[in-house]
Amino acid sequence: MLFPTVAFAVFFLAAFTANWLLRPHFLVWRATMVAFSLYFYGWVDVRFVFVLVGSAALNWALALAAHRAMPLGDPTAESRRLVRLAVAANLVVLGVFKYHGFFVASATDALGSLGLHPNTPVLDILLPIGISFFTFHAISYVVDVGRGDIEPIGFGDVLLYMSFFPHLVAGPISRVDELVPQFHERPDPRKVAATEGLTLIGLGLFMKVVVASYLATQLVDPAYGAPGGRSGAELAAATYAYAVQIYADFAGYTNIAIGCALLLGIRLPANFASPYRARSVREFWHRWHMTLSRWLRDYVYLPLGGDGHGTALTYRNVMVTLALAGLWHGADWKFLIFGVLHGTYVVGELTASAWAERATLPAVPQPVSNALRWLVTFNLVCVAWVFFRADSAATAFEILGRIATSAAGSSTLVTGLALAVIGGALALQLGPRRPGAAVQARFSSLDPALQALVLAGGLTLISVLGPDGVPPFIYFQF
Amino acid sequence: MSTPTGTGPHSRTPPGWPGDDPTVPDQLGDLGRTRPGRSRPAGRHPRVREERPQPKPVGPEATQEPSPRPARAPDPDTAEGTAPAGRVLVVMVAALVLAMLVNADALVARTERRDPGPARDRELAVWHPIQDVSHALQLHRVRQFADWVAGNDDDDRPPVPEPAPETASLPGRRELPRPGGDLPDTPPTTEGPAALRTPTTARPLRLWVGGDSMSEAFGRELATQAKATGVIDPTVHTEMASGLTRPDYFDWPAALAADLESADPEVVVAVFGVNDAQGIVLPDGTPVPEVSDPRWTVEYQRRVGAVMDQLRADDRLVLWVTQPPMRDPEFNARIAVVNQAIAAEAATRPWIVLVDPTPVVGATTPDVRRSDGIHLTEDGGALLATDVLGRLGERVNLTGGAVN
């Protein structure tokens, strides 16, 4: 079920009503919320529900077994074995659904190069949307229990934690200890965070349906769909447009998810913090998909050793973590290059910082320094986006080559409106923060009838300005 | 938000890893003032923790003590923005009903463009009464006015391409069913295609290749290979997302008229159809949303035939490349209707040579087709270009200026 649809709106109204009516009765409320979440997930294909429930059951059982193998609260060899088993099982499930085609095709090609042409099984496996995200949640839970950081929770809580529909298909990636306690609280039904929730949903819809869709259909897709016939200027503009598009798409989704959860009395963690105002790539990762960054830090980077074993190993750990972050998006060279590029950026910054601390550098006025750092950072990030968006790594190199060598040329795709949208979106990130606070305050002071009128007007505006149809969120595929 | 990692003496987090940058203010949620989740202290990792804290209960007992989460702390901004659940529900329901009434025409139109089936019928059964109420209350005029202000003439916005199904099916070398079945490369005719002169380096053959996005990689490769003969002067004209069903988006007959006038090609290689399996508007203004509707086929064939007639000239060879199989079965079925219509029109026009690309780029494998299972890769385009150039070489002596 897609967020920007009437079907979801009706579904959410039913969920909202049931949520607040049943909240005083925890077990009934939890069962109902699970039922709503599974219905939401099974909307596309009911088989997805079995994958999700099976994953929840497996992780609940293994976490419980690991906890029982820790009588003193400290990890034991047995508990570690069980946690590793759970992590491996999660990765196998993820691999089967997400990467099997790549593995089988690669094996077939490899055998083909040896003159062997086996009849490889052809599996039409439907990729359950959001499988990466509920796998992240599952691993987070099992590892936290195995580390002794949290106590195991009941199956119902695990299932609701993994399936909670606002964050089910594309995050934000919540931790057990920041979400499950909220399930057990009883928020005051007289104090629903309506203004904040509705504003977030409206803003998210506008970002997704209007901004992201406009840039995609008018500039990014035509340019990246046929880069050979486009000038370097067009491809450069399309790359900047894609930077805005993917932000508007993913942050738009996140806003809707957080807004829906807020209306249900649950506060999800933030995922974005004006990423394009970053003045270093490290800062970019503080601001972009923050819950994934946090997950990677806790469950990949720190287990690799973090920065506690010297400079070389720190750099290695950064590279490995970000390369894996790239590969998570798909088994493709372009995603690996995307991750390695970011790893290289971060390692480069760390090296430069260490050098700058020792060297005597000429004083540069702070505003100039900040502007230069922002400019370099934004363009480095955009170079990586080229690999993320292009059909293949080869196409990405071709696009970068054309940008570098044929910057001039016709630019029929680049309109004044497209440039204004790109510039406006970036200016909003660079400008004063929380510009919506005044709007929210004004909205909350309106009569209910006027609030309904404003909301209906907003929905109509989005429908008028948006394309004919709802494209899927980019991150659904991951 | 605390910034516990990366700054302590025992930290394993490098400076700059998420969660430890002092430049990121406490209130991270610039878009919605949503606070981030509490960062995990570096010490929570067993290997860096000197003293183990007690595991945190996260179940019911966790609520027995005050929650430390900053996300639940009172926020002066949001405190004013709260409302009783019942009032919120009424506001949301009223807004949704009003929005549906105002946008009923658009909702009906969008639903009618979907493929026939029970789901579409169910949705229309809901939307039509709402549309009736909307018209009775004249609320549809609000949307009409908004469309007029926004410059949307009826609904002339290009539709968002339907997403390919998110299947992770094996990109194996399966042969998909041909859309339209086995199309004849050359239709049975009493007359043959135009006979062409033998080109030379001094007087190269003028070739035009173009059409929708399927002509992008193919057209580029064909131009490259044609130039290499030394006796062909190619012109490429690709328009992404274009076709013959939506002249409001791109008017190919008008563009072809200009191209034929300026380039006066002796060989035309036309590629149309990949974007054409969508709703069409009849000359009297009647929209026909479904490709399966017989009226759709009649109108589409009329347009294809008109373009074929437009391309006709005594000394011109016209090669019309049909569409290869598509990975998505549903899309493939609709493309089959497009191919059948093209074949039917070509069958009555002897100056048209149909080229079925299936034997060359029929498999939707990564070597010849892009990840969308539709478009050609550079290699796929090159293979098809070689095939088409070979067909041309069977009809024209291309050795006059061949580069050896």
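Here are some exercises with worked solutions on a predicted model.

**Exercise 1. Getting to know chain B**

Work out how many helices and strands chain B has, and what share of its residues is buried.

Solution. Start by counting elements: chain B has eleven helices and seven strands. Next, look at burial. Chain B has 404 residues, and buried ones make up 50% of them. Last, look at the contacts in chain B with a separation of 6 or more: residues 24 or more positions apart account for 73% of those.

**Exercise 2. Ordering a sheet**

Find the order of the strands in the open five-stranded sheet of chain B, and say which strands stand at its edges.

Solution. Step one is to read across the sheet: the order is β2-β1-β3-β6-β7 in chain B, and the pairing is parallel. Step two is to check the ends. In chain B, β2 (232-238) and β7 (352-355) each have a single partner strand, so one side of each has no neighbour in the sheet. That puts these two at the edges. Step three is the twist, which averages 20° from one strand to the next.

Now zoom in on one pair. Strand β1 of chain B, residues 205-211, runs parallel to β2(B), and seven bridges join the two. One residue to look up is G211(B), whose bridge partner in β2(B) is T238(B).

**Exercise 3. What surrounds β1(B)?**

Decide whether β1(B) is largely enclosed or left open, and name the helix that packs on the sheet and touches β1 of chain B.

Solution. First, count the buried residues. Six of the seven residues of β1(B) are buried, so the strand is largely enclosed by the rest of the structure. Then look for a helix. Helix α7 of chain B (residues 252-263) packs on the sheet, where it touches β1, β2 and β3 (267-271) of chain B. Finally, compare directions: that of α7 makes about 165° with that of β1(B).

**Exercise 4. Classifying ring pairs**

The structure holds 49 aromatic pairs over all chains. Classify the pair W208(B) and W252(B), then do it again for F250(B) and W252(B).

Solution. Take the tryptophans first. Their ring centres are 6.2 Å apart and their planes stand at 90°. Planes over 60 degrees apart count as edge-to-face, so the W208(B)–W252(B) pair is edge-to-face. Where do these two residues sit? W208(B) is in strand β1 of chain B and W252(B) is in helix α7 of chain B, 44 residues apart, so to speak a link between distant parts of the chain.

Now the second pair. The rings of F250(B) and W252(B) have centres 5.0 Å apart and planes at 70°, so this pair is edge-to-face too.

Are the rings' residues buried or exposed? W208(B) has 1% relative accessibility, so it counts as buried. W252(B), at 0%, counts as buried as well, and F250(B) is also buried.

**Exercise 5. Positive phi angles**

What is the phi of S274(A), and what is that of D264(B)? Place each residue in its loop and say how buried it is.

Solution. Begin with the background: most residues other than glycine have a negative phi. Phi of S274(A) is near 50°, which is positive. S274(A) sits in the loop between α10 and α11 (281-287) of chain A. Its relative accessibility is 1%, so S274(A) counts as buried.

Phi of D264(B) is near 40°, again a positive value in a non-glycine residue. D264(B) lies in the loop between α7 and β3 of chain B. With a relative accessible area of 39%, D264(B) is partly exposed.

**Exercise 6. Finding the core**

Name the residues that touch the most other members of the largest nonpolar core, and the helix that gives the most to this core.

Solution. The largest nonpolar core has 160 residues. Those touching the most other members are F16(A), Y141(A), L263(A), Y276(A), W288(A) and W385(A). As for helices, α10 of chain A (residues 232-263) gives the most, with 20 residues. Apart from this core lies another one of 64 residues, including V307(B) and I374(B).

**Exercise 7. One histidine**

Which residues does H128(B) touch, leaving out those up to four places away in sequence?

Solution. First locate H128(B): helix α4 of chain B, residues 118-136. Its relative accessible area is 31%, so H128(B) is partly exposed. The residues it touches are V108(B) and E112(B). For V108(B), 20 residues away along the chain, the C-alpha atom is 7.0 Å from that of H128(B).

Terms used. Residues are numbered from 1 along each chain as its sequence is written. Chains are lettered from A and ligands numbered from 1 in the order in which they are written. This is a predicted model: local features need pLDDT of at least 70, side-chain atom pairs count only at pLDDT 80 or more; totals for chains, interfaces and linings use all residues. Side-chain values use heavy atoms; hydrogens and water are left out. A nonpolar core is a set of buried Ala, Val, Leu, Ile, Met, Phe, Trp, Tyr and Cys residues joined through side-chain atoms within 4.5 Å. Buried means under 20% relative accessible area, exposed over 50%, partly exposed in between (1.4 Å probe, protein chains only). Helices (H or I, at least four residues) and strands (E, at least two) are DSSP runs, numbered from the N terminus. Two strands pair if DSSP finds at least two bridges between them. Axes are lines fitted to C-alpha atoms, for helices over the stretch in contact, and angles run from 0 to 180 degrees between N-to-C directions. Contact means heavy atoms within 4.5 Å. Rings of Phe, Tyr and Trp (its six-membered ring) pair if their centres lie within 6.5 Å; planes under 30 degrees apart count as stacked, over 60 as edge-to-face and the rest as tilted.
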